Structure formats: C-alpha cells, structure tokens
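Trainee: Please show me the model, and then I will ask about it piece by piece.

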Amino acid sequence: MTTDAVDRYILSHIDEEGDLLSALCRDANVTLLRPRMQSGHLQGRILKLFCRMLRPKRILEIGTYTGYATLCMAEGIEDDALIHTIEINDEMEDFIMKYLSRSPDKEKIRLHFGDALEIIPALDESFDMAFIDADKRLYSTYYDLIFPKVRAGGLILVDNTLWDGKVLDAPRCPDKQTAGILEFNEKIKQDRRIEKVILPLRDGLTMIWKK
Ligand SMILES: C[S@@+](CC[C@H](N)C(=O)[O-])C[C@H]1O[C@@H](n2cnc3c(N)ncnc32)[C@H](O)[C@@H]1O
C-alpha cells in the first residue's frame, strides 16, 4: 500500500471538509502560488476536533494565508468564542474575505493584517489555544511572544516542525528556515514549563501543553 493510497483511504473515512472549504481549496490550487501551505483536509479536521474537545474561548493563529485552518477552527468553537488570526500579506485579503464572508462562522473570526510581532503585543487577551504557522525563521520569537499570553493548561500547536524531513540534515549548514525550525525544536525540548509531543502528521505538528 503506497503512502498516497493510505492518504486517500484516510480522507475517504473521516469527516468531509464541506463545500466551502472544497471550493476554497480548488480556488487556491488554481490561483495561488503555494496552495500546499494551507492546512488541508486532514489537518483541518484535526484542528476542528481539538476545538470540539478543548472548547477554547480564545484562539490565536499566526499565519492566516487563505484562512483554511481559521475556518476549520471556527467550525469547532462555540458561538461566544473568538479566533484572532494574523496575516502579514495584505494581498491575501480578497481571497480570504471571499470565503470568510460566506462562512456561517464568520462572526467568530477577527482577521488582522500586519506583522504578528507587532500585533500580538497589542492583543489584550488570554488564549486557550494558539496555532503557530508563519515564518519558520521566527518560530522561537513567536513562541516567546505568545507564551505569557497562553493560559496555564492551554494548548499551543506548531506546524511544519519536521520541515519536510530537513531537520534530519541538521549539521550540514541548514538554510535559514530549517535553522529556525531546528532552533525552535531544541528550545521546546529544553523547556520545563511545558509537556510536548511531535506528531508525524503531514510536515510535523508539535502539540505543547502549558503546565
Ligand atoms: C503556512 S501559511 C499559513 C497557513 C494557514 N495557517 C493554514 O493552516 O491554512 C503561512 C502564512 O504566514 C504569513 N506570515 C509570515 N510571516 C508572518 C508574520 N510575521 N506575521 C503574520 N503573518 C506572517 C505568510 O504570509 C503566510 O500567508
């Protein structure tokens, strides 16, 4: 059985992503340069289930891109909960709004355009859950910035922590993005304030529980 066949089997035996997200994906694949950056069907359903199980009232997402993961998390939270999502590239606004505006969960989403490094300090919130998924070179910086804003017992999810397997080539002069991921993974390994696992899902998804 090939990996592709396993992937197809999984996707045909889990919850469907729904018409809106399917349309978003098709649009992204036709019109955007790097559609693979978005979470996609499997990871999207996992994010939604995390939300169902943990019932977070406040979520922070760093790196909106198309809004795929944002919409998945919004499906899983209750009506009085809120996701702050931050995207540095304001050229994505039309694309994001095309789908966000059609979502029944749009009221649960606050979209911020700008650099997360400037926006996060200005957010007066305590987060139950955070999803780090932006510039790989800055993962450690994002983590330090959000850590005091995540409540004890909160969950931090971090995407791409295996970085296409490049973390295994570590000693051989990594590029800056791989170096950022390596630095982050080492930092997390040493951090006694948390419990953590790396899930070998897609490109690596680290789950961090703040003690
Ligand atoms: C991997 S994509 C996000 C995918 C999305 N979270 C999902 O799962 O569908 C990363 C996004 O982070 C954005 N980004 C990069 N650096 C950023 C920063 N400093 N602040 C906010 N967004 C940033 C990029 O423009 C890009 O759209």
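**Loops, sheet and helices**

Mentor: Phe147 sits in the loop between H7 and S5. Helices (H or I, at least four residues) and strands (E, at least two) are DSSP runs, numbered from the N terminus. This is a predicted model, in which local features need pLDDT of at least 70, side-chain atom pairs count only at pLDDT 80 or more, and totals for chains, interfaces and linings use all residues. Residues are numbered from 1 along each chain as its sequence is written.

Trainee: Does Phe147 count as buried, exposed or partly exposed, and why?
Mentor: A residue is buried if 20 or more other C-beta atoms lie within 10 Å of its own, exposed if 12 or fewer, and partly exposed in between, with C-beta atoms placed from the backbone. Phe147 has 16 C-beta neighbours inside 10 Å, so this residue counts as partly exposed.

Trainee: What separates the C-alpha atoms of Phe147 and Lys210?
Mentor: Along the chain, Phe147 and Lys210 are 63 residues apart. In space, the separation of their C-alpha atoms is 8.5 Å.

Trainee: What is the order of the strands in the sheet?
Mentor: The secondary structure of the protein comes to eight helices and seven strands. Seven strands form an open sheet with mixed pairing, where two strands pair if DSSP finds at least two bridges between them. The order is S3-S2-S1-S4-S5-S7-S6.

Trainee: Which strands stand at the edges?
Mentor: An edge strand here has a single partner strand, so one side of it is left without a neighbour in the sheet. The two are strand S3 (109–113) and strand S6 (194–199).

Trainee: By how many degrees are neighbouring strands of this sheet turned against each other on average?
Mentor: Axes are lines fitted to C-alpha atoms, for helices over the stretch in contact, and angles run from 0 to 180 degrees between N-to-C directions. For neighbouring strands of this sheet the direction is ignored, and the average is 15 degrees.

Trainee: In which sense do S1 and S2 pair, parallel or antiparallel?
Mentor: Strands of a sheet pair through backbone hydrogen bonds, in either of these two senses. Strand S1 (residues 58–62) and strand S2 (residues 82–87) share five bridges. Ile86 in S2 is the bridge partner of Ile62, and the sense of the S1 and S2 pairing is parallel.

Trainee: Which helix lies across S1, S2, S3 and S4?
Mentor: This helix runs at about 175 degrees to S2. Contact means that the C-beta atoms of two residues, placed from the backbone, lie within 7 Å. The helix across S1, S2, S3 and strand S4 (127–132) is H4 (residues 68–76).

Trainee: Which strands does H7 touch?
Mentor: H7 packs on the sheet, and its direction makes about 170 degrees with that of S4. The strands touched are S1, S4 and strand S5 (150–159).

Trainee: How many of the residues of S1 are buried?
Mentor: In a regular strand the side chains alternate between the two faces of the sheet. Both faces of S1 are covered, with Arg58, Leu60 and Ile62 buried on one side and Ile59 and Glu61 buried on the other. The count for S1 is five of its five residues.

Trainee: How many bridges join S1 to S4?
Mentor: S1 and S4 run parallel. Ile62 stands opposite Ile132 in S4. The number of bridges joining S1 to S4 is four.

Trainee: Which residue in S3 is the bridge partner of Ile83?
Mentor: S2 and S3 run parallel and are joined by five bridges. The partner of Ile83 in S3 is Ile109.

Trainee: Where is Trp163, and is it buried or exposed?
Mentor: Trp163 lies in the loop between S5 and H8, and its phi is positive, about 45 degrees, although it is not a glycine. Most residues other than glycine have a negative phi. Because Trp163 has 22 C-beta neighbours inside 10 Å, this residue counts as buried.

Trainee: Which helix do the buried residues of H8 pack against?
Mentor: The buried residues of H8 are Thr178, Gly180, Ile181, Leu182, Phe184 and Asn185. They pack against helix H7 (139–146).
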